[in-house]
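User: I have a model open and want a quick tour. Can you walk me through the main points?
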Amino acid sequence: MGKRIEVSYKDKDFDSLGSATREKIKEFLNINVNEVRTVDAYNIDSNLSDKELKKLGKEVFSDPIIHDFSVKEPLAKDFDFLIEVEFRPGVTDNVGRTSSEAIKDLLKKDCVVFTSKQFLIKGKITRKDAEKIATGLLANDLIEKTTILEKPKTQMQAILPIVRGEAKPVVNTINLNVSDKELMEISKQGVLALNLEEMKAIQEHFKKLGRNPTDAELEVLAQTWSEHCKHKIFNATITYEEQGRKEVIHSLFNKFIKGTTDTVGQKVDFLVSVFKDNAGVIRFDKENNLVFKVETHNSPSALDPYGGALTGIVGVNRDTLGTGISSRPIFNTDVFCFARPDYDKPVPKRLMHPKRIFEGVRKGVEHGGNKSGIPTVNGSIVFDDRFLGKPLVYCGTGGVMPKVLFGKDTSEKTIEPGDIVIMTGGRVGKDGIHGATFSSEELHEGSPATAVQIGDPITQKKMLDFILEARDNGWIKSITDNGAGGLSSSVGEMCEESGGANLYLEKVPLKYSGLQPWEIIISEAQERMTIGIAKENLDKFMDLAKRRGVEATAVGKFTDSGRFVAAYKGEKVMELDLDFLYDGVPIMKLDAKWKQKEFEEPNFEVPKDLSKELLKILARPNVCSKEWTVRQYDHEVQGASVVKPFVGEKNDGPSDAAIIRPIYGSDEGCVVAHGIVPRYSDIDTYHMTAAAIDEAVRNHVAVGGDLDILAALDNFCWCDPIKSEKTPDGEYKLAQLVRANKALYNYCTAYNMPLISGKDSMKNDYMIGDTKISIPPTILISTIGKIDDVKKAVTMDAKKKGDLVYVLGTTKKELGGSEYFAQKGFIGNSVPKVDAKSAYKLYQALNQAIRKKLVSSAHDCSDGGLGVALAETAFSGGLGMELDLTGVDNENVSRDDYLLFSETQSRFVVTVSPNKKKSFENTLEGNPFSLIGKVTGSNEFVIKNNGKEIVKTTLGALKNSWKRTLQW
Amino acid sequence: MEEDIAMVKVCVLTGFGINCDYETEHAFKLAGAKAQKVHLQDVIDGIKNLSDYQILAFPGGFSFGDDIASGKVMANKFKTALWDDMKQFVEDGKLVIGICNGFQIMVKMGLLPDIEEGQTTTLSINDSGKFEDRWVYLKKDAKTKCVWTQAVDKIYLPIRHGEGKFIVKDKNVLGRLELNKQIVFRYTDEKYEPTSEYPQNPNGSIDNIAGICDKTGRVFGLMPHPEAFVTPQNHPRWTRENIEKGDGLKIFINAVNYAKKNLK
């Protein structure tokens, strides 16, 4: 039966969620309602007495100052429509879980709680409107169910979405002695995402063993061999053709990515652990190392933006936690790519409107980051309508760890036969089954709902605290995250060290019964880490876990058998040779063919009013202020922030990079920056990648980051680059990938910047019916580096009347793919090209000038060119400027508009105090720099060129234009 | 070791989603105390005793993820297990601070504004409906008895919350707060004039209240984060204004000095 407690606000003024919902109904659906009020319902699967329910209502679920509660009569009254939203069975209900704990604290009784929420709507709307509100705004049908009642109907019956699985656990054998066609059927039906060659390799292997694989074996092979886990495209043998010349590349990863680090690694001494662990590790100071990892969580975010993004952020936290013997997360970064929020064409089937995706993702990151106590210090939001097909959600986490604990190098994991396999954190359910294989496919009609998970930040926070405590007690020998592929991946990876593992699947704690053994082993249920500990520490470890409210279970042991074995109540479920599991996947052979695309070359007159053009560019979604979003992230918890996302006179200028102090009491700082420019991909991914690298380094240098400790992470998000019926232009897309990799090697080696970690997501396409949407190839370069003394950091805002304004770098006629051309409806061809040698020289000089405290402000010049960088510097400082571009260093840029809006890379806008002019110019000697004017005390922003005023406007106008677009 | 014994001992609670424990501990250390992060469960289990400390801090964070309501579940957990110890701690003349989620916890277990009266105030969802991280100007009520804010008049600190709207049960409660000099900080504009305008008053708190203390002035709760401004470089405009010190630190120094003088 179950019991129910309802809670509502005494006064509608307190019901902020209700009033916010009313506004959203108008904003998202254009439906007017008079009023929305909310009722929270706690549905309890237990036979508690009325007295107990009242006690709970009074002391646990309501706040006596603002709430009413009821355990008998429904609280809903005075409405036209009532919409109740509940979770579908098996979906993570975080508040429900906390409620159970709160009941236990008070009544010392165990009971399961399911939460649901009522929205009481008053207004002249139809039932159809109510349905639209229910599914188009309040609930995501994939994970939530809605009930709509018309007045005066109400309900007070407990809603108990219990998973009722009666299935008996069985181990099935899959017959692989079948035709090729049937092999592919098996792959497709099981969402295995294995191609024919791979299926045949498996068929062959089991033929040799004289048996067929079990369901679990096939599933584990599919997870381990998935594009998501195995990066098959990056390890393929590729024949690349450009202008008739052919080149054979054996593994893009080895040649270009690892190759970069091998080359740079000979020159730098700060690399500690690269590519082999969950995150890259570099030296920070004498006693500590820094850890950094960036992930993507695109496919889940397309289906459930809130859950997808939340899972993304807490997931990458676990990568940091699972590096070495664990590091403490100290910052998050997030970069999103969406279609424009004002997208007004019909949205294809199964996709959500970009604004809803945006808001869901934002909220997911807010909850994931804020509730975990990890500051979100850096990020950006990029718009292109092709991200309608799949939004990109990049989430990164940095950590810090002592170099040595108990005399041992903390970056090393050690597992010996006989050590215990511990699973800790959340329980296993059907959620997240096939996540790894699902993200290795395009989004299609049958994309499984179970691939979506909802993160539980509080369970994870408890686990995080516990793990760090266990680490500091010296108990953790090895640790890794349960992400893609679940236990099959985590235990599989860890047991390579000892040479094998045995799992006892019946010991794995489950959310509900009815899971098959194969499901237990591959489920991607969240908030779990796998830990290896020595037997003698087991009791102490378990005791601490219990006292910290963290579930930990010994689920197996490490062996040296050479095999990864799993059993369920004594019955063998899986026995895989590690050699086959990890090295058995066939290497793909792919062709790539590059042909430079030609776009229409723009021919329009120089607009008469360039002030207006500047104001319009500032308002473009890629350029404008993201304050509305970023303010909702805690960017300074842990108290370490030095350069925040917002700087300047009114704390709203756009910071180029973040600086934090990882060690309390020390002035050595960690600098976090990034670069991303998918707009240039249309012309050439080589230059797109070069620009992303250059932008990241520029941002790092602009805040004062040193160049001697600087490392990068590469995150590729591509559209499917394998030629097939679905992807006839696969060879071109693969060539785009090859070219991006070449740029990665060329520029990172030129900047002495090793790659320490990265990830690729290769199937960012949408395909249903005849509609195919592929994202523009996108690479995110995230950097982590050092500033020796945070007190020397510089921000981008103009500081003082009378300061001199400089442009560093040469301006070229490079507007291909620029914001300005896009504003005029063109792509063009003259994509910005980075000259690494001169850029690096300039960066070293600017870094010297900053170290010598000669610079008042420095701002990266990127989207929208000089016009935007100068305007941002001025209005962020609240100080006008008088500028003259006549003498600005350039290569034959004769048009005023091109001079203002060219996106030539490797440039900065810098302001300098007049009494430091000489020292500054001496330090910059040998580099292109131009003194173009000064900071004034007025409100005017004026730019001249060749004797005439080309821009004249006010700070207020510039700032308003820049702030308005995404301020909802 | 002798020096150790003479030092003021601070219990900085942690666990269950508290997440400003590191910087709160650091702030007390900078203020000259011997501060220690202590897991709440260890206090409940009797492994650690409140009576061993002179100052107790409920740091900010998201205890139990703000599920049900911010601070609510933690308040119940603490109260169910440790209410007598808590009362004794206050009776002994010791000091308590709750910051952000810590303030929410204190208010919801009735430790503030008056330990004898049960819950009479609350902190609810911001009028904006949003969590926000922004710096706010605060002015001290000149009459306040609060021992934590001696010689602090105006202060600039970050708020980082979604549920900070201070609400009282009725007018009498507000009257008593005023009468007993329990109002410590109000949100103000840039000129330090109290205001109810958003975003200077970021949440819609009644009478622009940002922090209160109990009748003794020793038990103090506030929504803004003093521990987030303990060095000049924490200030959002330190690169353009002449910031000499982290103003938030003074609050911790006051408490440590008070404890040194008055508590053994």
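User: What share of the 264 residues in chain B is buried?

Analyst: Buried residues make up 62% of the 264 residues in chain B. Buried means 20 or more other C-beta atoms within 10 Å of the residue's own, exposed means 12 or fewer, and partly exposed is in between, with C-beta atoms placed from the backbone. This is a predicted model, where local features need pLDDT of at least 70, side-chain atom pairs count only at pLDDT 80 or more, and totals for chains, interfaces and linings use all residues. Residues are numbered from 1 along each chain as its sequence is written, while chains are lettered from A and ligands numbered from 1 in the order in which they are written.

User: And what is the buried share in chain A?

Analyst: For chain A, 59% of the 968 residues are buried.

User: Back to B. How many helices and strands does chain B have?

Analyst: Chain B has seven helices and eleven strands. These are DSSP runs numbered from the N terminus: helices are H or I with at least four residues, strands are E with at least two. The radius of gyration of chain B is 17 Å, close to the 18 Å from the globule rule for 264 residues, so chain B is as compact as a globular protein of that length. That radius is taken over C-alpha atoms, and the rule is 2.2 Å times the number of residues to the power 0.38. The C-alpha trace of chain B spans about 50 × 40 × 35 Å along its principal axes.

User: Now A. How many helices and strands are in chain A?

Analyst: Chain A has 28 helices and 41 strands. Its radius of gyration is 29 Å, close to the 30 Å that the globule rule gives for 968 residues, so chain A is as compact as a globular protein of that length. Along the principal axes, its C-alpha atoms fill a box of roughly 85 × 70 × 60 Å.

User: How many residues of each chain are in contact across the A–B pair?

Analyst: 53 residues of chain A are in contact with 47 residues of chain B. Contact means C-beta atoms, placed from the backbone, within 7 Å.

User: Which element of chain A gives the most to that side?

Analyst: Helix 3 of chain A, with eight residues. The side that touches chain B divides into 22 nonpolar, 13 polar and 18 charged residues. Nonpolar covers Ala, Val, Leu, Ile, Met, Phe, Trp, Tyr, Cys and Pro; charged covers Asp, Glu, Lys and Arg; the others, Gly among them, are polar.

User: Switching to cores. How many residues does the largest nonpolar core have?

Analyst: The largest nonpolar core has 307 residues. A:Ile659, A:Cys748, B:Val10, B:Ile55 and B:Ala255 have the most contacts inside it. A core is a set of buried Ala, Val, Leu, Ile, Met, Phe, Trp, Tyr and Cys residues joined through C-beta atoms within 7 Å.

User: What is B:Ala255 in contact with?

Analyst: Leaving aside neighbours within four places in sequence, B:Ala255 is in contact with B:Ile55, B:Leu95, B:Ile97 and B:Trp148. Another core, of 61 residues, lies apart from the largest one. Its residues include A:Trp518 and A:Phe564.

User: Backbone oddities next. Where is the peptide bond cis?

Analyst: The bond from A:Lys151 to A:Pro152 is cis, with omega near 0 degrees. A:Pro152 sits in the loop between strand 6 (144-150) and helix 5 (180-189) of chain A. The bond from B:Leu112 to B:Pro113 is cis too, with omega near -5 degrees. B:Pro113 lies in the loop between helix 5 (101-108) and strand 5 (121-124) of chain B.

User: What is phi of B:Phe64?

Analyst: Phi of B:Phe64 is near 50 degrees, a positive value in a residue other than glycine. B:Phe64 is in the loop between strand 3 (55-58) and helix 4 (72-91) of chain B.

User: Is B:Phe64 buried or exposed?

Analyst: B:Phe64 is buried, with 31 other C-beta atoms within 10 Å. B:Tyr192 also has a positive phi, near 65 degrees. B:Tyr192 counts as partly exposed, with 16 C-beta neighbours inside 10 Å.

User: Last one. Which strand does strand 36 of chain A join?

Analyst: Strand 36 is joined by four bridges to strand 38 (residues 908-912) of chain A, and the two run antiparallel. A:Ala858 stands opposite A:Val910 in strand 38. Both faces of strand 36 are covered, with A:Ser857 and A:His859 buried on one side and A:Ala858 and A:Asp860 buried on the other.

Conventions. Two residues are in contact if their C-beta atoms, placed from the backbone, lie within 7 Å. Two strands pair if DSSP finds at least two bridges between them.
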